[in-house]
Amino acid sequence: MQAARETGTTRLIHVSAMGAKHDSPSEFLRTKAAGEKAVLQEFPNATILRPSYMFGSEDNFLNTLATVARSLHVMPLLSGGTARMQPVYVSVSPPSHACRR
């Protein structure tokens, strides 16, 4: 963030993760929450994005699900159909275009 300040950055978009919490049982989600806190200390008006899954042409998650669906002709329901997902498509360019209004 120091480099962002030194270059005169006035607006910051931080990509975190859905479920980021300081008291999460997941170390991954705790570190995401700590990252959010650090960003907001330096950039109080920062935009924090919390996508569930990011996918693209070479991702390992949704492409694997698509392969299973094509092979079995069915789509498995993650967590018995109760999983909350809001996947975000990411191309080779940064995902900042997804934030445009």
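Buried residues account for 17% of the 101 residues in the chain of this predicted model, in which the surface left exposed comes to about 7600 Å², with carbon and sulfur atoms supplying 55% of that area. The chain contains three helices and four strands, and read from the N terminus these elements follow one another in the order α-β-α-β-β-α-β. The radius of gyration is 17 Å, well over the 13 Å that the globule rule gives for 101 residues, so the chain is more spread out than a compact globule. Along its principal axes, the C-alpha trace spans about 55 × 35 × 20 Å. Of the contacts in the chain with a separation of 6 or more, 58% are between residues 24 or more positions apart.

The charged side chains offer a way into the details of this arrangement. Side chains of opposite charge can pair when their charged atoms come close. The structure holds two salt bridges. One of them is formed by Arg-5 and Glu-42, whose closest N and O atoms are 3.7 Å apart; this pair links distant parts of the chain, since Arg-5 belongs to helix α1 (residues 2-6) and Glu-42 to helix α2 (residues 27-42), with their positions 37 residues apart. Both partners are partly exposed, Arg-5 having a relative accessible area of 40% and Glu-42 one of 35%.

In the other salt bridge, the side chains of Arg-50 and Glu-36 meet at 2.7 Å, N to O. Arg-50 lies in the loop between β2 (47-49) and β3, whereas Glu-36 lies in helix α2, so this pair ties together parts that are 14 residues apart in sequence. Here the two partners fall into separate classes of accessibility: Arg-50 counts as partly exposed at 40%, while Glu-36 counts as buried at 7%. What surrounds this glutamate, apart from its neighbours within four places in sequence, is a set of residues in contact with Glu-36 that consists of His-14, Ser-16, Ala-20, Ile-48 and Arg-50. The link between the side chains of Glu-36 and Arg-50 is also a polar contact, at 2.7 Å.

Which buried residue has no salt bridge, although its side chain is charged? That residue is Asp-59, for which the nearest side chain of opposite charge, that of Arg-70, is 10 Å away. A salt bridge requires the nitrogen and the carboxyl oxygen to be within 4 Å, so a pair at a distance of 10 Å does not qualify. Asp-59 is placed in the loop between β3 (54-55) and α3 (62-72), and a polar atom of the Asp-59 side chain lies 2.7 Å from the backbone nitrogen of Leu-62.

A further charged residue, Arg-30, returns the reader to helix α2. Arg-30 is partly exposed, with a relative accessible area of 32%, and a polar atom of its side chain lies 3.2 Å from the backbone oxygen of Pro-25. When neighbours within four places in sequence are left aside, the residues in contact with Arg-30 are Lys-21, His-22, Ser-24 and Pro-25. The C-alpha atom of Arg-30 is separated by 9.1 Å from that of Gly-19, a residue 11 positions away along the chain.

Methods
Residues are numbered from 1 along each chain as its sequence is written. This is a predicted model: local features need pLDDT of at least 70, side-chain atom pairs count only at pLDDT 80 or more; totals for chains, interfaces and linings use all residues. Side-chain values use heavy atoms; hydrogens and water are left out. Helices (H or I, at least four residues) and strands (E, at least two) are DSSP runs, numbered from the N terminus. Buried means under 20% relative accessible area, exposed over 50%, partly exposed in between (1.4 Å probe, protein chains only). Lys and Arg count as positive and Asp and Glu as negative; His and the chain ends are not counted. A polar contact is a pair of N or O atoms within 3.5 Å; within protein, one must be able to donate a hydrogen and the other to accept it, and residues adjacent in sequence count only if both atoms are side-chain atoms. Contact means heavy atoms within 4.5 Å. The radius of gyration is taken over C-alpha atoms; the globule rule is 2.2 Å times the number of residues to the power 0.38. Accessible areas come from the Shrake-Rupley method with a 1.4 Å probe; for residues, only the protein chains shown count as cover.
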